[in-house]
Amino acid sequence: MNRRRIPEGFPWVLPSLLVLLALSIYPLIYSVKLAAADRGNFTRLFTDRLFLTASIQTIVLTIAALAIEFFLGLALALLVDSLARGRMFFRTALLIPMLLPPVVAAVAWRLIYNPQFGVLNGTLRWLGFHTAHLTWTSGESSALASVILVDVWEWTPFLFLLLSAGLQAIPPEPLEAARVDGAGAWRIFRDVTLPLLKPTIVLALLLRAMDLVRIFDQIFILTQGGPGTATETVSLYIYRTAFRFSNFGYAAAMSFVLLAATMLFSRGLLRAMRAR
Amino acid sequence: MRNVALALFLAAFLLSCSGTPQRSLTIAVNAGVEGTALKAAARQWGQANHARIEVVELPYANLFEKEQLDLTSRTGAYDVIMLDDPWFPRMAADLARLPRDPDSDFVSTCLEVCRHPYKTGAYLALPYVGNAQLFFYRKDLFEKYRLGAPKTWDDVLVAAKKIGEGEKIYGYVMRAAPGNAVVADFMPLLWAFGGGVMEGNRAICNSPPAVEALRFMLELGKYSPPGYAGFNADEVSAHLLQGTAAMSINWPAWIAAMDDPAKSKVVGKIEFSQMPGERDPGVGELGAWLVAVPAGSKHAADAFEFIYWATEPAQMKQAALRGNPPTRRSIFQSPDLIAKFRSYPAQLASLESARPRPRTAEWNEIENSFGIYLSKANDGAMDPRAALNAAADSIQKILERNESATHP
């Protein structure tokens with residue numbers, strides 16, 4: 001009788017496999033079951049104006065914050081990389097915002113943004129600006145921009161760190177060859193540095209984009225999605241639906257849409273970067 | 001010899017196993033002043049009864065999640081839970097019925113929210129913290145401008161204008177961040193103007209009195225600090241404590257801070273009163289904390305013994321001294337406590353007339369939806385009528401989806 005042999009290492013990986021199944025696979029299957037229990041959960045997504053508003057705002061926030069953080073991070077990485085002295089100091093100093101827990105950063109910014117007692121308006125008043133109508137997170141038109149600013153402040157260092165490491169990893173020979181051939185600084189950056197940095201850029205953008213789509217803690221503390229729905233994002237809405245309204249099925253359905261959108265976005269980004 | 005020793009050891013082990021099992025209680029409390037008092041009471045009860053007490057202290061939002069999960073899945077993780085009264089209709093089906101009715105010393109508005117259905121059903125909880133909104137105003141400035149205590153919302157508006165112009169401070173301050181914040185500040189106005197959120201299974205928050213109440217709120221907003229559409233309780237209280245605003249709706253939890261020289265620039269200057277009225281008498285929102293035993297508790301008998309003990313007059317007095325507003329009339333009227341807490345007469349009057357939020361299991365979702373549109377109106381993004389029409393539309397959808405609403 002031809003019995004199939006169990007691979008030799010299987011008993012050793014079994015405990016890890018069981019933990020993985022219990023903590024990742026089972027909850028995923030359970031949430032599919034929850035979402036599919038009522039077909040209305042998926043049809044409601046198309047008529048729910050709040051979900052639509054939250055989705056649009058999540059996209060706007062992700063694209064805006066990602067673009068700003070990427071360009072700032074790249075500029076800072078290039079600047080610090082070109083320094084002859086003090087590289088370590090600037091690298092450490094620039095990482096400080098990222099080291100703060102997001103909740104702490106959000107609480108600090110909430111105090112900074114306070115229209116009457118905050119340090120931001122206080123400084124502007126001291127400089128002679130009229131601040132009566134600068135309401136930052138409390139204004140319908142300024143709230144989303146204020147949230148983006150906090151995210152840029154906290155997470156630009158992350159992109160700076162990755163891009164800086166990418167720049168360090170570029171071998172010096174191609175750069176020297178380009179210089180010998182008479183290429184200028186812009187030409188070297190466009191034709192040598194940027195193509196060699198591309199794998200790092202893709203990784204950095206992917207990681208950051210996935211994190212931005214899930215943004216929760218900063219908004220929860222800064223604005224709670226307001227004023228009105230000015231800063232409502234999908235994750236905030238999912239949290240409320242699941243844990244405040246106890247509608248786990250609908251929350252699970254929204255989570256799957258968010259997951260699918262994130263996967264599509266990541267795939268699109270990868271394709272776009274490969275195509276160039 | 002070795003066998004004898006082994007036999008003795010086994011006998012001792014079996015004896016210890018067959019003895020009376022140790023009593024134990026797991027209690028879920030709110031991480032805040034309300035929870036601190038219950039936590040201290042639990043420790044005291046545990047020592048007196050040789051019971052092992054485990055206190056799970058959670059922030060407000062997490063407390064609801066954890067309790068709700070435990071109740072619906074009947075895991076028996078908690079033997080006693082502390083719950084905010086608007087959560088009660090959602091949790092009622094999974095709470096154990098009290099073995100005996102509470103006594104009549106409790107303020108009736110607090111007792112009514114412990115029954116399911118509201119006012120008429122069986123008792124499923126006991127009231128522990130007697131929170132009801134109060135009206136805070138600067139007595140010194142009212143005297144300076146020869147204004148009587150505000151009895152109506154029109155009085156409030158007149159005073160806000162006069163004090164605001166005369167003192168160069170904000171005449172009024174309110175919170176209009178979406179969700180609970182703006183709804184809590186709007187409800188007393190809505191009720192005073194004769195409006196409501198829902199009637200049975202029908203949303204009525206766009207009725208003419210409701211539109212008038214929201215217009216009045218925006219009028220008051222002209223005397224509030226810019227950006228109030230994003231304010232929560234801490235911003236409102238900061239303005240009162242710093243002396244940059246003259247009036248607001250607030251909760252008893254902030255009373256102590258007003259008279260604390262380390263936090264306040266207006267010590268002794270703030271007066272606390274019942275909510276102003278308009279067409280109808282003034283009523284504040286009720287926000288009582290209740291204690292209850294989950295149906296899935298594995299130590300229900302001990303849990304009931306503890307909650308009855310913790311809400312007895314002697315224990316409630318201890319909780320009051322730790323900063324909790326009581327739910328018993330006798331504690332509010334105790335002369336030594338009135339001497340210590342000058343706001344007690346106003347708090348009792350406010351608690352006796354307070355109104356709970358509509359008794360529906362869907363209140364969290366309704367409040368969220370209502371709050372979004374109220375916040376938009378306060379921010380100037382929507383006209384009051386359009387905002388209330390949109391809110392009514394949204395609330396109606398929630399009600400139709402769930403069909404479980406009852407009206408207080």
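This report describes a predicted model with two chains, A and B, going from confidence to folds, cores and contacts.

**Confidence**

The model as a whole has an ipTM of 0.83 and a pTM of 0.88. For chain B the pLDDT averages 93, and 94% of the residues score at least 70. One stretch of chain B, residues 404-408, falls below a pLDDT of 50, although in the model this stretch has 22 contacts beyond near neighbours in sequence.

**Chain A**

Chain A is built with 12 helices and zero strands, so that a reader who follows the sequence meets the pattern α-α-α-α-α-α-α-α-α-α-α-α. Its radius of gyration is 24 Å, whereas a compact globule of 276 residues would have a value near 19 Å. Along the principal axes, the C-alpha atoms of chain A fill a box of roughly 70 × 70 × 35 Å. Of the 276 residues in this chain, 33% count as buried. Among the contacts in chain A with a separation of 6 or more, 72% join residues that are 24 or more positions apart.

**Two domains in chain B**

Chain B is divided into two domains, each made of two segments of the sequence, as the table shows.

| Domain of chain B | Residues | Residues given to the contact between the domains |
|---|---|---|
| Domain 1 | 14-129 + 289-326 | seven residues |
| Domain 2 | 134-285 + 359-402 | seven residues |

Taken over C-alpha atoms, the centres of domain 1 and domain 2 of chain B are separated by 31 Å. On the side of domain 1 that touches domain 2, the residues divide into five nonpolar, one polar and one charged.

**Nonpolar cores**

In soluble globular proteins, nonpolar side chains tend to be buried together. The largest nonpolar core of this model holds 129 residues, and those that touch the most other members are B:Val80, B:Tyr172, B:Leu290, B:Val291 and B:Ile395. Helix H8 of chain B, residues 180-192, gives the most to this core, with 10 residues, and the core draws at least three residues from each of domain 1 and domain 2 of chain B.

Leaving aside residues up to four places away in sequence, B:Val80 touches B:Leu25, B:Ile27, B:Val291, B:Val293, B:Ala303, B:Phe306 and B:Ile307. A second, separate core has 45 residues, including A:Leu163, A:Ile219, A:Ala230 and A:Ala253.

Helix H8 of chain B also holds B:Ala184. Is B:Ala184 buried or exposed? B:Ala184 counts as buried because it has 22 C-beta neighbours inside 10 Å, and the cut-off for a buried residue is 20 or more. The C-alpha atom of B:Ala184 lies 22 Å from that of B:Lys119, a residue 65 residues apart from it along the chain.

**Where the chains meet**

How many residues of each chain take part in the contact between chain B and chain A? On the one side there are 22 residues of chain B, and on the other there are 23 residues of chain A. The elements of chain B that give two or more residues to its side of this contact are helix H3 (60-73), helix H10 (233-241) and helix H17 (363-378), and H17(B) gives the most, with six residues. The residues on the side of chain B that touches chain A divide into eight nonpolar, eight polar and six charged.

Technical notes
Residues numbered from 1 in each chain as written. Chains lettered and ligands numbered in written order. Predicted model: local features only at pLDDT ≥ 70, side-chain atom pairs only at ≥ 80, totals over all residues. Helix = DSSP H or I, 4+ residues; strand = E, 2+ residues; numbered from the N terminus. Rg over C-alpha atoms; globule rule 2.2 N^0.38 Å. Buried ≥ 20, exposed ≤ 12 C-beta atoms within 10 Å, placed from the backbone. Core = buried A, V, L, I, M, F, W, Y, C linked by C-beta atoms within 7 Å. Domains from an automatic or database assignment. pLDDT = per-residue confidence, 0-100. Nonpolar A, V, L, I, M, F, W, Y, C, P; charged D, E, K, R; others polar.
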